[in-house]
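Here's a walk through the model, going from the overall layout down to single residues. Keep the viewer open while you read.

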Amino acid sequence: MHAVVKTVPGPGAVYEPWAFAPKPGLRDIQVRVEATSICGTDMQIYDWHELMAKRVKPPLVMGHEFAGKVVEAGKEVSDLREGDIVSGETHINCGRCFQCRTGNGHICERMLLRGVDTGGCFAEYHTLHESSAWLNDKRIPIETASARQRCSCCVCRGHSGTHRRSLRLRSNRSMSNWALQIVRSQQDLRNRHR
Ligand SMILES: [Zn+2]
Ligand SMILES: [Zn+2]
């Protein structure tokens, strides 16, 4: 298969033949990637921003926002099956630390990021743990499904803005606009219930 790979430290990346995605383990799924989104983090990796230069270890397949079709599921995968359309989760938590075991996996102390610390999804196929995949209604356009992870970040940012009664937005980026829409819809809801 082909993938977008950061082959060496420094600016740029190449689209080149890459080893096939690993066979799914017992609780993994393999997805044929049908849509991906480019995030600011991807731009930082591509440009070799100093933050990413300290963290990313090439060679690495880039990308962490995607949606696609399940083509193979491990024997112990419970909720997903071949043909399902899923979106990928960026954060990969360990499942074993205190935070993970107390329902706070989003602040796992050993958190890894797909496409930053481990192989990413800018490839024809991607293998991931079933707990990192979210099932989609097949009526949702695949491009929208790909942006689901980004949307979750905006919901999180929007909520924090609502609680703090202020929201700092940077430029006219899509994430800022989404967060703003979320804050507005929450305010509308609150006004309606007054
Ligand atoms: Zn992102
Ligand atoms: Zn953990």
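In this predicted model, 9 residues of domain 1 are in contact with 4 residues of domain 2. On the domain 1 side of that contact, the residues split into 2 nonpolar, 4 polar and 3 charged. The domain assignment behind this puts domain 1 at 2-143 and domain 2 at 147-194, and the C-alpha centres of the two domains are 25 Å apart.

**The sheet of five strands**

Now for the sheets. One of them is open, has 5 strands in the order 9-3-5-6-10, and is antiparallel in its pairing. Which strands stand at the edges? Strand 9 (125-129) and strand 10 (133-135) do, and because each has a single partner strand, one side of each is left without a neighbour in the sheet. From one strand to the next, the twist averages 45°.

Strand 5 is a good place to zoom in. It covers residues 65-73 and is joined to strand 6 (residues 85-88) by 3 bridges, with the two running antiparallel. Strand 3 (residues 28-37) also pairs with strand 5, again in the antiparallel sense, over 8 bridges. If you want to check the register, here are some of the opposing pairs, with one from the other sheet thrown in.

| Residue | Stands opposite | Strand of the opposite residue |
|---|---|---|
| Ile-29 | Ala-73 | strand 5 |
| Ala-67 | Ser-87 | strand 6 |
| Gly-68 | Val-86 | strand 6 |
| Val-5 | Val-14 | strand 2 |

As a reminder, strands of a sheet pair through backbone hydrogen bonds, either parallel or antiparallel.

**The sheet of three strands**

That other sheet is open too, with 3 strands in the order 2-1-4 and antiparallel pairing. Its edge strands are strand 2 (14-17) and strand 4 (60-61), each pairing on one side only. Strand 1, residues 2-6, is tied to strand 2 by 4 bridges, and the two run antiparallel. Strand 1 also pairs with strand 4 in the antiparallel sense, this time over 2 bridges; there, Lys-6 has Leu-60 as its bridge partner. How many of the 5 residues of strand 1 are buried? The count is 4, so strand 1 is largely enclosed by the rest of the structure.

**Helix 1 and what follows**

Strand 1 comes up again with helix 1. In helix 1 (residues 40-47), Thr-41, Asp-42 and Ile-45 are buried. Those residues span an arc of only 100° around the axis, which means they sit on the same side of helix 1. That fits a familiar bit of geometry: an α-helix has 3.6 residues a turn, so residues three or four places apart point the same way. The packing partners of the buried residues of helix 1 are strand 1 and helix 2 (50-55).

Just after helix 1 you'll run into Trp-48, which takes a positive phi of about 60° even though Trp-48 is not a glycine. Trp-48 lies in the loop between helix 1 and helix 2. Is Trp-48 buried or partly exposed? With 18 other C-beta atoms within 10 Å, Trp-48 counts as partly exposed, because a residue needs 20 or more to count as buried.

The backbone has another feature to look at, past helix 2. A cis peptide bond joins Pro-58 and Pro-59, with omega at about 0°. Pro-59 is in the loop between helix 2 and strand 4. For context, most residues other than glycine have a negative phi, and most peptide bonds are trans.

**Around Cys-121**

Last stop: Cys-121, in the loop between strand 8 (112-113) and strand 9. Cys-121 is buried, with 28 other C-beta atoms within 10 Å. What does Cys-121 touch, not counting residues up to four places away in sequence? The contacts are Val-33, Thr-36, Gly-63, His-64, Phe-66, Gly-88, Arg-114, Gly-115 and His-126. As for Ala-21, its C-alpha atom and that of Cys-121 are separated by 9.8 Å, with the two residues 100 residues apart along the chain.

Terms used
Residues are numbered from 1 along each chain as its sequence is written. Chains are lettered from A and ligands numbered from 1 in the order in which they are written. This is a predicted model: local features need pLDDT of at least 70, side-chain atom pairs count only at pLDDT 80 or more; totals for chains, interfaces and linings use all residues. Two strands pair if DSSP finds at least two bridges between them. Axes are lines fitted to C-alpha atoms, for helices over the stretch in contact, and angles run from 0 to 180 degrees between N-to-C directions. A residue is buried if 20 or more other C-beta atoms lie within 10 Å of its own, exposed if 12 or fewer, and partly exposed in between; C-beta atoms are placed from the backbone. The arc is that of the directions from the helix axis to the C-beta atoms. Two residues are in contact if their C-beta atoms, placed from the backbone, lie within 7 Å. Domain bounds come from an automatic or database domain assignment. Ala, Val, Leu, Ile, Met, Phe, Trp, Tyr, Cys and Pro count as nonpolar, Asp, Glu, Lys and Arg as charged, and the others, Gly among them, as polar.
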